[in-house]
Amino acid sequence: MNKNLVLLAAVAAVAVGVAQFAYADPVSDKLVIDGKEMITRAPAPEGHPFKEVLSGWLFREPETRALEADSFANPGMLYVERGEEIWNTVDGAKGKSCASCHNDASETMKDVGAHYPKWDAETKRPINIELQIDKCRTEQMGAEAYKFDAADQKALTTYIKYQSFGTPVKLDLAKGDMQSWWDRGKKEYYTRTGQLNLACASCHEASMGRHIRADHLSQGQANGFPTYRLKQADMVSLHNRMRGCIRDTRAEMPKAFSDELMALEVYVTWRGTGLSVETPAVRQ
Amino acid sequence: MQSGIAVVVAVSVSMLAGAAWAEDIAPGDVEFADGAVSAALTGKPGDAAEGAKVFVDRKLGNCLACHEVSALKKQLFHGNVGPSLDGAGTRWEPAQLRAIVTDSKKVFGPETVMPGFYSLNVGVNVRKDLVGKTILTAQQVEDVVAYLETLKE
């Protein structure tokens with residue numbers, strides 16, 4: 001008979017729940033790596049649903065956080081080293097390495113990755129680091145494009161992103177049609193997919209800070225990619241991660257570098273504006 | 001002799017299957033009124049013990065992904081995307097629980113994160129082998145509802 005009252009009480013309990021689950025809050029620690037303080041909290045850009053953007057690092061378990069904070073222990077650093085080897089290795093018909101044209105990556109690639117994806121006037125679509133590597137390999141070196149998630153693709157991407165270590169993420173949406181790709185990415189972000197009928201926003205916005213099973217839901221930021229995932233004991237690319245999230249809604253997965261995932265990369269990266277590039281971040 | 005037995009078995013199996021089909025209400029035909037579904041989805045009453053299995057099974061209800069239940073402390077990793085279900089059987093009438101599990105959007109509104117477990121109102125690009133299929137069968141919904149009714153305050 002009093003079901004309506006009970007319903008109201010239940011709704012209130014849900015609202016209070018946000019504050020109640022103290023263990024679900026992101027931590028307030030500082031992330032300092034090799035003496036450099038990372039920006040793990042930043043004021044959100046205009047038009048963002050949150051007031052503050054938060055690095056996924058703040059949501060991880062203490063051991064996972066410690067592993068990222070210690071660059072000697074972080075297994076992702078091996079991929080940075082491997083990336084440097086590839087950078088200096090000749091490949092393809094033209095007998096060139098990346099270094100043949102770009103010399104010392106610590107100078108020529110410094111802060112470059114923090115501003116990707118960028119507008120690519122030639123293909124008239126956004127380009128990310130993986131696709132830019134392929135572009136140089138095919139057009140400049142006479143080498144083949146990498147297969148998606150080839151170990152060398154991940155290592156080289158990690159190496160280039162690492163040259164922006166600590167630099168705040170910032171995209172230039174004024175170039176070309178970047179704004180319309182951002183618009184499309186936003187649409188995808190709020191579109192529910194699969195039999196479970198969930199959107200990115202269902203988990204990373206509406207349920208941010210809560211636990212889904214054992215996983216503490218973060219804002220789903222891209223600033224740490226490629227990230228070292230303990231579960232897979234391997235580096236994981238952003239497109240791999242997004243495909244996995246979509247698969248978990250029991251939907252068909254879009255192809256890596258498809259329009260859908262490139263638009264999402266633009267939008268998701270923008271949602272992390274101001275956070276330090278943390279590559280290679282460590283996640284569970 | 002032998003073929004006679006085979007025929008009898010075949011007939012009784014098809015009768016069972018036929019009976020289940022005839023009495024299940026199809027996902028599109030479930031009637032919601034005031035956040036409740038008063039008619040049972042099947043002719044067979046829900047079985048709380050079966051419901052508990054469906055509830056915890058990660059491939060079926062996977063309800064613990066988003067809900068805590070004190071009575072299931074032995075199971076690892078209860079999520080908290082939704083509220084604790086302790087006392088859900090006291091807070092809600094069976095018909096309301098049936099509505100929540102069948103299609104939570106009809107009760108909580110379109111924005112809820114909770115999936116509809118016996119609904120074809122789903123997201124885009126559903127995995128090919130799941131097109132036209134619901135997460136749970138009508139009987140599994142009845143079983144889960146019977147289990148939820150045991151969660152008294």
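The following questions and answers walk through a predicted model with a chain A and a chain B.

Biologist: How many helices and strands does chain B have?

Modeller: Read from the N terminus on, the elements of chain B run α-α-α-α-α-α. The secondary structure of chain B therefore holds no strand under the rule that counts DSSP runs, and the totals come to 6 helices and 0 strands.

Biologist: Is Val113(B) buried or exposed?

Modeller: Val113(B) sits in the loop between helix 5 (105-108) and helix 6 (138-149) of chain B. A residue counts as buried when its relative accessible area is under 20%. Because the relative accessible area of Val113(B) is 16%, the residue is buried.

Biologist: Which residues does Val113(B) touch, leaving aside those up to four places away in sequence?

Modeller: The contacts of Val113(B) include Val81(B), which belongs to chain B. Residues of chain A are also touched by Val113(B), so that the full list, with heavy atoms within 4.5 Å as the cut-off, reads Val81(B), Leu198(A), Ser202(A), Ala206(A) and Ser207(A).

Biologist: What separates the C-alpha atoms of Val113(B) and Val124(B)?

Modeller: Along the chain, Val113(B) and Val124(B) are 11 residues apart. In space, the separation between their C-alpha atoms is 15 Å.

Biologist: Which side chain of opposite charge is nearest to Arg60(A)?

Modeller: Arg60(A) is found in the loop between strand 4 (52-54) and helix 2 (62-69) of chain A, and among the residues it touches are Arg65(A), His216(A) and Arg283(A). Arg60(A) is buried yet has no salt bridge. A salt bridge needs a nitrogen and a carboxyl oxygen within 4 Å, whereas the nearest side chain of opposite charge is 5.0 Å away, and that side chain is Asp215(A).

Biologist: What radius of gyration does chain A have, set beside that of a compact globule?

Modeller: Chain A contains 11 helices and 11 strands, and its C-alpha atoms fill a box of roughly 80 × 40 × 35 Å along the principal axes. For 284 residues, a compact globule would have a radius of gyration near 19 Å. The value for chain A agrees with this, because it is 20 Å.

Biologist: What share of the residues of chain A count as buried?

Modeller: Chain A has an accessible surface of about 13,100 Å², and carbon and sulfur atoms account for 55% of that surface. Of the contacts in chain A with a separation of 6 or more, 69% come from residues 24 or more positions apart. Among the 284 residues of chain A, the share that counts as buried is 53%.

How values were computed: Residues are numbered from 1 along each chain as its sequence is written. Chains are lettered from A and ligands numbered from 1 in the order in which they are written. This is a predicted model: local features need pLDDT of at least 70, side-chain atom pairs count only at pLDDT 80 or more; totals for chains, interfaces and linings use all residues. Side-chain values use heavy atoms; hydrogens and water are left out. Helices (H or I, at least four residues) and strands (E, at least two) are DSSP runs, numbered from the N terminus. Buried means under 20% relative accessible area, exposed over 50%, partly exposed in between (1.4 Å probe, protein chains only). Lys and Arg count as positive and Asp and Glu as negative; His and the chain ends are not counted. The radius of gyration is taken over C-alpha atoms; the globule rule is 2.2 Å times the number of residues to the power 0.38. Accessible areas come from the Shrake-Rupley method with a 1.4 Å probe; for residues, only the protein chains shown count as cover.
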